[in-house]
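Biologist: Before we discuss the assignments, please place the sequence and the structure before us. I should then like to ask on what grounds each term is applied.

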Amino acid sequence: MSQYLLSTYGSQGEPSAEPPPPEAMQAMMERTIALEAEMDAAGTFVFGGHLHGPDATTVVRSGDAEVVMTDGPFVESKEHIAGFYIINAEDLDAALAWAARVTECIGRPIEVRPFAGSGRVIDHPPSP
Amino acid sequence: MTGHAAPADPAKVESVFREVYGQAVATLIRVCGDITLAEDAVQDAFVAATDRWRRDGIPPNPAGWIVTTARNRAIDQHRRSTRGREFERDAADESGLNSELSAGGREGNGAVTDDQLRLIFICCHPALRTEHQVALTLRLLGGLSVEEIARGFLVTETAMAKRLGRAKYKIKAARIPYRVPVKSDLPHRLRPVLSVIYLIYNAGTDELDERAPLRQEAIRLTRALASLMSGEPEVAGLLALLLLNESRVPARSGDGSIVLLRDQDRTMWDQRMIDEGHAIVRACIDNNESGPYQLQAAIQAVHCSAETFEVTDWPQILTLYDHLFSVMPSAVVALNRAIAVSEADGPVAGLVALDAISPDLVKYHLLHAARATALRRLGRIDEARDAYATAADLATVAADRDHLLLQIRALDGGET
């Protein structure tokens, strides 16, 4: 069993053409809740969530003398991760099948990326 | 077989390697679960075979010999690793393998054929980009060297090696499964497989002599696929399409320059390939599950049955293009349809059809070449010359450009 990150991206500054009408929003919520319940039942869902925008982001880095904090995301980019799921899947085909369900549900592209190791480092030391 | 057979001719040994490579790698990937280990093991087996076969002759079942030797090497390698024991136990389950191999190899049923199918589907997995699919297919299934593949696609050997490395990394890291897709996934999983093979064939037509190996490999792969998936009409359609295209290759170049369909010496066409292609197309028509490759094959079948360019059944070709455009509405199909209009209904109708699609293809040399031909037939020589010149500017392959410049000279010669 492997774990995969299923992430979706949003664009900053570009206001989405038209916010979806409330009924469409409601329908999407219901689809998503149903899909998440299905992921739970299949033992696929590990964790997931919807993130605040990049304006809420802070970068922390260790300098020579002290740890420095800067406002804003690490990579200045128009695209940023808007939300993600971490799932358990037997192989890429299984992960892609879940990603297909998610993109159908929310109408946005999903990036699928395999974990090289997950959990605590002591359990899964990165391979050299 | 006992005693000592005659020593094998090195060229024969080489061709056997090419023949069994894909089969051996496919089996070894299943046995050791890793593409690179499988390739290394098969390579080691080839080294051992080179010595042995040149001395004792090629064994009656070369594929079985290679797989057994490669598997033993892979087990030796793994004995040293921590997973050794587990691996050895898995490998022991493969004891039926040799009998499967000797029972019929490529055509036989069971694990061996499944291994090759699995390998085709892993190489052409939709999660890999097309250029990686092509490179993997030629390397792992075709057994072409990195250098040969690099030459076929005009990149350096280093760049091609890197491309293959990245593709194999992704297969391993993302865990692309080594599995034949389930029936319900077949339509969308088969599509990239067929397009990769067709792309390999077409890459082989840029330089007819030098890149003949790419075309041969595409045909060999399609044959293998057709025998592994005899129920898939589009696989048969692709095989017919490739055979019918390949049948005309001997007539397509004269002294290194291109000879157009209308000017070809049709007695040079390979009648055996045409017969085989025609038989497949007829079977497809009877089967009545049409698709883009079968339709393209049917169009080529009509060309190949015409004894001269003039007696070509253009109305039939136009009907087939209309059908093809309805299932594959691409700009290039529209262009070929417009050319058929030109032949079926005359150059005036042809120009109308070409002008209707020109915005999409303004940078494609064949659009301008087709316009030039229609204009020439209408006696609009100045416009024809301009169109040929635009086509020549846009052509990316030297032989195409030379051919178009030759057309301009012919026009000028005709005028004076």
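**Terms and their grounds**

Modeller: Let us begin with a pairing: A:T58 has A:D71, in β4(A), as its bridge partner. The model under discussion is a predicted one.

Biologist: What makes β3(A) and β4(A) a pair of strands?

Modeller: Two strands pair if DSSP finds at least two bridges between them. Five bridges join β3(A), residues 58–62, to β4(A), residues 67–71, so the criterion is met. The two strands run antiparallel, and they form a hairpin with four residues between them.

Biologist: How do you know that β3(A) is hardly covered?

Modeller: A residue is buried if 20 or more other C-beta atoms lie within 10 Å of its own. Among the five residues of β3(A), the count of buried residues is zero.

Biologist: Turning to chain B, how do you know that the span of helix α10(B) agrees with its number of residues?

Modeller: Helix α10(B) covers residues 186–203, which is 18 residues. At 1.5 Å a residue, the expected span is 26 Å, and the end C-alpha atoms are 26 Å apart, so the two values agree.

Biologist: Why are the buried residues of α10(B) said to line one face?

Modeller: The buried residues are B:L190, B:V193, B:L194, B:V196, B:I197, B:I200 and B:Y201. Seen down the helix axis, they fall within an arc of 155 degrees, and therefore they line one face. An α-helix has 3.6 residues a turn, so residues three or four places apart point the same way. The face of α10(B) turned away from the buried side carries the exposed residues B:P187 and B:H188.

Biologist: What makes the set of 125 residues a nonpolar core?

Modeller: Such a core consists of buried nonpolar residues joined through C-beta atoms within 7 Å. The largest one has 125 residues, and B:A24, B:V25, B:L28, B:V42 and B:I66 have the most contacts inside it. Helix α1(B), residues 10–32, gives the largest share, twelve residues. Leaving aside residues up to four places away in sequence, B:L28 touches B:A38, B:A41, B:V42, B:A70, B:R71 and B:A74. In soluble globular proteins, nonpolar side chains tend to be buried together.

Biologist: How many residues does each chain give to the contact between chains A and B, and of which classes are those of chain B?

Modeller: Chain B gives six residues and chain A gives seven. On the side of chain B, five are nonpolar, none is polar and one is charged.

Conventions:
Residues are numbered from 1 along each chain as its sequence is written. Chains are lettered from A and ligands numbered from 1 in the order in which they are written. This is a predicted model: local features need pLDDT of at least 70, side-chain atom pairs count only at pLDDT 80 or more; totals for chains, interfaces and linings use all residues. The expected span of a helix is 1.5 Å times one less than its number of residues. A residue is buried if 20 or more other C-beta atoms lie within 10 Å of its own, exposed if 12 or fewer, and partly exposed in between; C-beta atoms are placed from the backbone. The arc is that of the directions from the helix axis to the C-beta atoms. Two residues are in contact if their C-beta atoms, placed from the backbone, lie within 7 Å. Ala, Val, Leu, Ile, Met, Phe, Trp, Tyr, Cys and Pro count as nonpolar, Asp, Glu, Lys and Arg as charged, and the others, Gly among them, as polar.
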